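Student: Could we go through this model together? I'd like to start with one contact and work outwards from there.
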Amino acid sequence: MKTIILKTASNYLLPLLMLFSFFILLRGHYLPGGGFVGGLIAAIAFVLHAFANGLENTKHLIRIHPGFLMPVGLALAFTSGLAPIFYAGLPFMTGIWFPEPLSVIGMVGSALFFDIGVYLVVIGVSLTIIFTITESA
Amino acid sequence: MLAAILLGFLFSGLLVFTGKFLKGRWAVLSASIPFVLFVYFAQFIGRVSSGEIISQHIVWVPSMGIDLRFVLDGISLIFSLMITGIGFLVFLYTSAYLKNHEYLDRFYGYLGIFMGAMLGIVLSDNVLSLFIFWELTSISSFFLIGFKNKEESSRKSAVLALAITGFGGLFLLAGALILGSVAGTFTISEMLSSKELIANSPHYIIIVAFIFIAAFTKSAQFPFHFWLPGAMKAPTPVSTYLHSATMVKAGVYLLLRFTPVLGSTEFWNSTLIIVGSITMLYAAMHTLFRTDLKGILAYSTISALGILVFLIGLGTKEALLAACVFILVHALYKATLFLVTGIIDHETGSRDITMLSGLRKVLFPVAIAGFLAAISFAGIPPSFGFLGKELIYESTLHYGNSAILITALAIITNILLLYSGFLVGIKPFTGKLPERFSKVHMPSFLMWIPPLILAILCILFGIFPSIIQESLIQPAVTSLGENGGEVHLKLWHGFNTILALSAITIGIGVLLYFLIKPNKKVETAIKKLEFISPKTMTEKFGNGFYYFSTLWTNYFQNGYLRHYVSTIILFLVGVMGYTLLNNTRYRLVYSSFTALTIYEVITFVIMIAGILYTVFTKSRLAAVAALGIVGLTISLIFVYYSAPDLAMTQFSIDTLTVILFVLVLYRLPKYLNLSDIKTRIKDGVLSIAFGGLISILALEVLAEPQGSEISEFYAENAYLLAKGKNVVNVILVDFRGIDTFMEITVLTIAAIGVFALLKLRMTAKERITTGIKK
């Protein structure tokens, strides 16, 4: 699908969609959104880019194999669950929070890192499956 | 004590790394492990014989009642000393027997695990941990029996032994669980206080029956005995260890251990007496027809185990005393004879009793060991075996009404055992030395010293029974719940009925030895009857089961995805539909429905149009696109009914699904081979049924009384506890975070699966192409 319009548009859409997916991820705690949807949107952004520019270009753009995002995300989610044990002596997966909200982001706590972990895993899983199938087809 | 049990496992684990060094000259060093353990357990003799019970308690899984609770009392001590003591000699013997064997390190590894597991069985005070160690012995013995894994018969025997003992293990688990729930505890020593409760429980028969099946399979009782002769395919040190002192005695141990808890009821006693006597007679008669030394030993072992079960069945104090003594007697002479057989096999290359004779001229110390063990085997004074036999007769003679019958059974068994003892321990060494064996030479001292030590013990304990009377036998009998009275072991009881019976036994037995000569003809004749033996039955059942499961699997796992999907759906429709139709509670309350808006109607029309298009289009891509439309309308409906989170997720998932479908279908050939009209109607009916079912289910859920506490809790506490306003997300990342974590783990596994599957296929393709190029 080498159309010039899609190709040009996708170059602008990729950063925009990425930003949007991150926005969806961050607002999840207060408004509709969250790591899962955010991850899916980011994955769609890359798939769109791959459609317009070819898989090789997208892979080159990401640099690492998307599969690596899966263990990283899992580790992040798991660590955020472990954090309360080490910092506060609370049980596994208890939510702990910084006392003051950050500007733009709002309250930052272990749940946010957990959600980022989910986000990364979802991107990793979707892209791994889609890229692998594209390559093998 | 935990450390003592774990030492065997630790040793095996370390062998993975250090096996290379141990394989060569230093193999004999591995015997230090059982030796250290033997010394460790021996130091408790003083404390245990003074009536102390040594115990250790470690909490393991408190929520399930599994504690690591170990107890060392009289009966455990006897077993621990046998396991480690005979283990020590077997370890020594092996270093010479399997000298420079390629996998000697592995062999020691299996032996180490086996020893640890056996110690675990005899020391556990918790039925569940006992079960775990029980299974570990089954598994490690599988590797030991199948050690010569290049021989098919060896592999077959190993599988058979594992199947039978593993089958029994399942019953042990079931029995232990029921027993634990009846008694309210899994600790055996605590069950003693609720003996009445257990005996009067309606589950008593089931508990006892399950524990019997476990013990009978492990201890090779009729009709589960047939795995034991097959297990003789193992190297001789394994047979020695498994069949004299350990594996097969585990079942006997289990019965002894539960005697104070479950024993002295009609069911317990009569079942054990019947099964024990059938086994001891049946197996003892079988020894008449064998010509292989190990075959004779195998059947005499089964017979001895039958005697033990029989004695436990009698259940009197005299019988339990006889059982405790006979366990030791049997372990000593049987281990000796196995080791002697191993030497004969190792040096002459034959185990055929019709060929072997006159070996005393070349293997004199071995002949002494064989002779002494045979004396004990036969129960001739002044051996330890004589003492054991006297005790058996004493307990059968004093057993109520049927004393004469059971004494007769015991005498016949002992006569036959005497015959087989002479056959194995004396026959190979007497007579003329054939020419071909004249060059046979003595093995390394590591091989002949162990049987000699055991053989000397066979006689020593007979002449001086006081050595073990106070220290081992008395505490063992006490630990079986028989507190009254002292135990007296004596070689000479004066002239009485028992002595007369012994004289009869020895007389007839010796006569039999000189009259019957083992020959091949009888052995082949008896083989013709094998088609009705339990072994053949089991094998036939196994083959039939295998055949059936192949058919079953081929029918359901035929490789067609559509077949899988329709099977699953059909099953769901059947099971769920049946339940739902039988308990329908939903009612359609039309008044509660909100009025349809125009945009809802439009959405539904689009959705139905999408579905119809999907079903009737002739293009794959168009069908996928139409499915996408259906998905998008669903997410619109989510929006109408204020579920924005769901709508967003549905939207993204749907987009990705369509992309995936397109990616896969895009490459398929354009030519469409549509399914025929019959299949389509079948699929259509199934789909409509499933859709209808899901609708009923949804209505059913609505009809459920509203349990709103949970959702109220989430709604109230989302902000207070988790500082979030979006309840859905708070549930996902906080309240039910572990669920989410599991889900992303599953997703990752799925992705790895897809990756591996497709990449693997590609390499296979590459392999094929390179193959063609060659």
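**Salt bridges, a helix face and a patch**

Tutor: Let us begin with Lys759(B), which is partly exposed at a relative accessible area of 28%, where buried means under 20% relative accessible area, exposed over 50%, and partly exposed in between (1.4 Å probe, protein chains only). This is a predicted model, in which local features need pLDDT of at least 70 and side-chain atom pairs count only at pLDDT 80 or more, while totals for chains, interfaces and linings use all residues. Residues are numbered from 1 along each chain as its sequence is written, chains are lettered from A and ligands numbered from 1 in the order in which they are written, and side-chain values use heavy atoms, with hydrogens and water left out.

Student: Which side chain does Lys759(B) meet in a salt bridge?

Tutor: The partner is Glu135(A), at 2.8 Å from N to O, a salt bridge being a side-chain nitrogen of Lys or Arg within 4 Å of a carboxyl oxygen of Asp or Glu. The pair crosses between chains, from helix α32 (residues 737-773) of chain B to helix α5 of chain A, with helices (H or I, at least four residues) and strands (E, at least two) taken as DSSP runs numbered from the N terminus. Glu135(A) is itself partly exposed, with a relative accessible area of 26%.

Student: And how many salt bridges are there over all chains?

Tutor: The count comes to seven over all chains. One of them joins Arg257(B) to Asp73(B), with the closest N and O atoms 3.0 Å apart. Arg257(B) lies in helix α13 (residues 247-262) of chain B and Asp73(B) in the loop between β2 (66-72) and α4 (74-97), so the pair ties together parts that are 184 residues apart in sequence.

Student: Are those two buried or exposed?

Tutor: Arg257(B) is buried, with a relative accessible area of 11%, and Asp73(B) is buried at 6%. Another salt bridge links Asp292(B) with Arg351(B), where the closest N and O atoms are 3.0 Å apart. Asp292(B) sits in the loop between α14 (266-286) and α15 (293-314) of chain B, and Arg351(B) in the loop between α16 (317-348) and α17 (364-378), so parts that are 59 residues apart in sequence are tied together. Asp292(B) is partly exposed at 24% relative accessibility, and Arg351(B) is partly exposed at 23%. Salt bridges that share partners also join Lys59(A), Glu135(A) and Lys759(B) into one network.

Student: Switching to chain A, which residues of α3 are buried?

Tutor: In helix α3 (residues 55-62) of chain A they are Leu55(A), Thr58(A) and Ile62(A). Seen down the axis of α3(A), they fall within an arc of 65 degrees, so they line one face of the helix; that arc is taken from the directions from the helix axis to the C-beta atoms. On the other side of α3(A), Glu56(A) and His60(A) are exposed.

Student: What covers the buried residues of α3(A)?

Tutor: The cover includes α2 (35-53) and α5 (110-136) of chain A, with contact meaning heavy atoms within 4.5 Å. Arg63(A), which follows α3(A), has a positive phi, near 70 degrees.

Student: Last one: where does Val601(B) lie, and is it buried or partly exposed?

Tutor: Val601(B) lies in helix α26 of chain B, and Val601(B) is partly exposed with a relative accessible area of 35%.
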